[in-house]
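Dear colleague,

Please find below the structure that I am handing over to you. My notes on it follow directly after.

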Amino acid sequence: MNDLPTGSAPALRRLLDLLASGAATEDFADVLADARRRGAPAAVLSEIDDATWQALRVHRTMRQHRRREAELTALFDTAGDLAASRDLDAVLQAIVRRARMLLGTHTAYLTLPDEAAGDTYMRVTDGSVSVLFQTLRLSLGDGLGGLVAQTARPYATPDYRTDARFHHTGTIDAGVLDEGLVAIIGVPLLLGGRVIGVLFAADRSPRAFSPDEVALLCTLAAHAAIALDTAKSVADTRAALAELNTANELIRAHSAAVQRAEQGHDRLTDLVLRGAEVPDVAAAVAALLGGEIAVLDAEGEPLAGRAAPGSAGLAEAAAASREEGRSVRHGEAWVCAVLAGQEQLGTLVLRGRPDLDDADRRLFERAGVVTALLLLLRRSVAETENRVRGELLADLLAAPDRDPAGLTARGRRLGVDLGRPHLVLVAEPADARDAGARARLAGAAGRYLFGSRGISAEHGEAVVLLVPDEGAEGGGAPAPGDAAQRAAEQAAERLARLAGSPVTVGAGRPAAGPVALASAHAEGLRCVRALRVLGRAGEGASARALGFLGVLLGDGHDVDGFVRATLGPLLEYDARRGTELVRTLRAYFDCGGSLTRAKDELHVHVNTVVQRLDRVEVLLGGDWSRPERSLELQLALRLQLLAGG
């Protein structure tokens, strides 16, 4: 009995050495075979056989423990990746690589559904060598992966090519064949009972996958599902944070806009209460909006700010603003109609702010309302003042001789200095049959004089305007007829636009004092009547501009002025050249237009008369011989002769 353990001891020590060194299973069988070769007794061989069987059990248990340890280490590493990494691609790639390593397969891969395309695609691969396989897209329900996704259960096949459990398609089979795969196992990625992907491991040779390998792959798939869910949560959180940041920015911007609008409202209200003028409002709004404001009147003339360059289309933009009841974009500028009901009092133009948010746009439009209020207040005050001053003008025209000193003092109290030169303009509707034309003309006259020191009043059948003679007040010395003519033409044009129908305007010569002003009014009235008789209704003219009619109609009878205006070019030519063009022209008219009689009268050759008349035509124009012009020339020649010229 004592010999058996002694005889088996070397074999037992060898088995222990094999266990300690982690030798292969085949090495344990060599111990029993070696004992038989040495001729060990049967009892010793039996003992060695039992010890070998026990050693193999220990060896298998230790191998399982090592595998479990490796699996646990891989799972812990995967959990660490999930906890430490925010890169979804890196986590999924690590999971697939560990699945391949732990199962000892040639390749591993993971597919995810593409909800937009309605199929699944390869998300991550490891160990793959086929581009065709790496770019496979699988329809839902096709192949082993389709069965896993439909049933939410793991499936394995030792030989995919011959396994009839799966729905084979040409595309999938071609990819599997190109990769050379044979044995495949797939497990679902489950999240709340819903399949969100499939994790695979595959070999290029037939192989049966054990339950432990299936369980391990399921655990890795669970980690992959957690990674995908975490990535989605992180993405959703980031999107929510981005939306919150955006909303916060919008709230801050809206709050700032509301605050700016409140400040603008308070500022504009304060300006109105302090009696500010339109330029003050324009400056305040320009500062609030950070742009440049121009305020134009109903005719497009600037009331504040500079006129906008390149204002083509501005009237159309203002009309669009009036129609919409809002400010409108006009190129790089914004335009807002200044309205009082349906009447357009003017236009606001904002430059330097091509983009306006809603709050700033409302502030710009509110400025239009405030501007309309100020213009209405100014108009109301001006109309009231004009009515009072108009009574003064009506009394002056009705009885200038009654109390000239009293009228002058009364005018001074109203801010009208009758002792300084003024122009008297008499305006009548061109169409006397239009019943409402005179009322419209009276209103137009008030708007025409708005903002100036002029006054207007209805007198007789006309509307009379008394405006300061700017030329005389400015120290210049323009010819009286020139100033009156310019004033008459300008008034006829603008009053026609404001009244909406043609207006005829006659201007008297500049005058100072009640009596002289009444006389200038009578002269202007005669000019209006003369324009009507001449068929020039709708125009403006002074007595001097009417030529010889002006001499007849004017109170001053400026004979010298008429002669200079009519014969001036001939008189200057004769004085400079020593010629006799004026004498030749007088002789030609005296002889009834006969060249022969004229040459006898002048004692020159007929060719000389012709040459002189040609020079007259060059100096006076080709119409000098027409009846109306020749009448003026003959009258001027007579007056010049009577004056001793």
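Helices α19 and α20 are oblique to each other, because they pack at an angle of about 130°. Their axes lie 8 Å apart in this predicted model, and the crossing of the two helices is right-handed. On the side of α19, which spans residues 581-590, the contact involves Arg583, Thr584, Ala587, Tyr588 and Asp590. These residues meet Leu595, Arg597, Ala598, Glu601 and Leu602 of α20. By class, the contact of α19 with α20 comprises five nonpolar residues, one polar residue and four charged residues.

Helix α20 (residues 595-602) also packs with helix α21 (residues 606-620), their axes coming within 8 Å and crossing at roughly 100°. α20 and α21 are therefore roughly perpendicular to each other. Here α20 contributes Leu595, Ala598, Lys599 and Leu602, while α21 contributes Val606, Val609, Val610, Arg612 and Leu613. Seven nonpolar and two charged residues make up the contact of α20 with α21, with no polar residue.

I turn next to the sheets. One open sheet consists of five strands in the order β13-β14-β12-β15-β16, with mixed pairing. Its edge strands are β13 (455-459) and β16 (540-542), each of which pairs on one side only. From one strand to the next, the twist averages 20°. Within this sheet, strand β12 (residues 422-429) and strand β14 (residues 462-468) run antiparallel and are joined by six bridges; histidine 422 stands opposite proline 468 in β14. Helix α13 (residues 437-448) packs on the sheet and touches β12, β13, β14 and β15 (503-507). The direction of α13 makes about 10° with that of β14.

A second open sheet, also of five strands, has the order β8-β7-β11-β10-β9 and antiparallel pairing. β8 (302-304) and β9 (328-330) stand at its edges with a single partner strand each, so one side of each has no neighbour in the sheet. Direction ignored, neighbouring strands are turned by 35° against each other on average. Three bridges join β9 to strand β10 (residues 333-340), and the two run antiparallel; arginine 329 stands opposite tryptophan 334 in β10. Two helices are associated with these strands. Helix α9 (residues 278-289) packs on the sheet, where it touches β7 (292-297), β8 and β11 (343-351), and its direction makes about 150° with that of β7. Helix α10 (residues 314-324) lies across β7, β9, β10 and β11, running at about 55° to β10.

Earlier in the chain numbering, strand β1 (residues 107-114) is joined by seven bridges to strand β2 (residues 119-126), and the two run antiparallel. Tyrosine 109 stands opposite threonine 125 in β2. The hairpin of β1 and β2 has four residues between the strands, and glycine 118 takes a positive phi near 75° there. β2 pairs in the antiparallel sense with strand β3 (residues 137-139) as well, over three bridges, and tyrosine 121 has arginine 137 in β3 as its bridge partner.

Finally, which residues of helix α6 (residues 143-151) are buried? They are Gly143, Leu144, Gly145, Gly146, Leu147 and Val148. The buried residues of α6 pack against β4 (155-157), α7 (170-179), β5 (183-191) and β6 (194-203). Just after α6, alanine 152 takes a positive phi of about 60°.

With kind regards

How values were computed. Residues are numbered from 1 along each chain as its sequence is written. This is a predicted model: local features need pLDDT of at least 70, side-chain atom pairs count only at pLDDT 80 or more; totals for chains, interfaces and linings use all residues. Side-chain values use heavy atoms; hydrogens and water are left out. Two strands pair if DSSP finds at least two bridges between them. Axes are lines fitted to C-alpha atoms, for helices over the stretch in contact, and angles run from 0 to 180 degrees between N-to-C directions. Contact means heavy atoms within 4.5 Å. Angles under 35 degrees count as roughly parallel, over 145 as roughly antiparallel, 65 to 115 as roughly perpendicular and the rest as oblique. Ala, Val, Leu, Ile, Met, Phe, Trp, Tyr, Cys and Pro count as nonpolar, Asp, Glu, Lys and Arg as charged, and the others, Gly among them, as polar. Buried means under 20% relative accessible area, exposed over 50%, partly exposed in between (1.4 Å probe, protein chains only). A crossing is left-handed if the near helix is turned anticlockwise from the far one by less than a right angle, and right-handed if clockwise.
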